[in-house]
Amino acid sequence: MDVMSLANPDVLIMSNLSLNPTFSPDNMLSEVCNMVISTVKLGGNVLVPCHASGVVLGLLEWLVENLTKSNLSDVPIFIVSPVADAAIAHPDIYGEWLNETKRSKIYIPELPFKHAQLIKSKRIFHFSNVADGMREVYKTPCIVFAGHPSLRCGDAVHLLEKWRDDKNNAVILIEPEYCFATGLSTTLAPFLPMNIRSYFLSH
């Protein structure tokens, strides 16, 4: 990334920085896909408490591709966030901040992400909250990306309460600030005891 465009700012606000700047998310994406596929094959639901932007946008495409290869294309994927619409649209608009592979698609012209196509084909659904029409298309097993990754507020709390007693379900923590700062047991402490399988990915 060319950092010269960031030289001499009056104010610079940064968040969600990687603790390992040379980290490539490809291994993590593959690991999450394997966890998700093994869970839905058991008939379980998957909850990924996360922000609606960042690595999750690439993860959506990987998941759809891997679910299709595993003959699980009927498993719905839900994105639940008050900013879901904007989070899905902005990566296609601000392509200069994407990795080289995604950035090269801008000049073809081709959208760097396939989110609009996946929404149109009903592979991905997005809602501002769980009460915003999700009930009409909800079926299990399913995969839900919902905030907040701290599991102290947001729709992820409601879903974890609902799913925590089923050992076939899984909760996967992917946001580094909660995995590293608090650890898995602290993040999930309010929900214990629980039978849901829990994972966190360090990156």
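These legends describe close-up views of a predicted model.

**View 1. Phe-78 and Phe-125 form a tilted ring pair.**
The whole structure holds three aromatic pairs. In the pair of Phe-78 and Phe-125, the ring centres are 5.5 Å apart and the planes meet at 35°. Planes under 30 degrees apart would count as stacked and planes over 60 as edge-to-face, so this pair is classed as tilted. Phe-78 sits in strand β2 (residues 77-80). Phe-125 belongs to strand β3 (residues 124-127). The pair therefore ties together parts that are 47 residues apart in sequence. Phe-78 has a relative accessible area of 0%, so this residue is buried. Phe-125 reaches 15% relative accessibility and still counts as buried, because the cut-off is under 20%.

**View 2. Phe-78 also pairs with Phe-127.**
This pair is tilted too, with 6.2 Å from centre to centre and 40° between the planes. Phe-78 lies in strand β2 and Phe-127 in strand β3. The two residues are 49 residues apart, and their pair links distant parts of the chain. Phe-127 is buried, at a relative accessible area of 11%.

**View 3. Ring pairs build a four-residue cluster from Phe-78, Phe-125, Phe-127 and Tyr-138.**
Phe-78 enters the cluster from strand β2. Phe-125 comes from strand β3, and so does Phe-127. Tyr-138 is linked into the cluster by ring pairs. Tyr-138 also appears in the lining of the second largest pocket.

**View 4. The second largest pocket has a volume of about 170 Å³.**
Its lining includes Val-130, Ala-131, Met-134 and Arg-135. Tyr-138, His-158, Leu-159 and Lys-162 line the pocket as well. Helices α6 (134-137) and α7 (155-163) each supply at least two lining residues. The largest share, three residues, comes from α7.

**View 5. Val-3, Leu-6, Leu-12 and Met-14 form a nonpolar surface patch.**
Together, these four residues have about 360 Å² of accessible area. Val-3 lies in the segment before α1 (26-41).

Technical notes. Residues numbered from 1 in each chain as written. Predicted model: local features only at pLDDT ≥ 70, side-chain atom pairs only at ≥ 80, totals over all residues. Heavy atoms only, no water. Phe/Tyr/Trp six-rings, centres within 6.5 Å; stacked < 30°, edge-to-face > 60°. Helix = DSSP H or I, 4+ residues; strand = E, 2+ residues; numbered from the N terminus. Buried < 20%, exposed > 50% of the residue type's maximum accessible area, 1.4 Å probe, protein only. Patch = residues over 30% accessible without salt bridge, like charges linked within 9 Å, V, L, I, M, F, W, Y side chains within 5 Å. Areas by Shrake-Rupley, 256 points an atom, 1.4 Å probe, with all protein chains shown as cover. Salt bridge = Lys/Arg side-chain N within 4 Å of Asp/Glu carboxyl O. 1 Å grid on protein atoms, 1.4 Å probe; cavity = no way out; pocket = protein on both sides within 12 Å on 5 of 7 lines; lining within 4 Å. Points joined across faces, edges and corners; volume = space filled by probe spheres on them.
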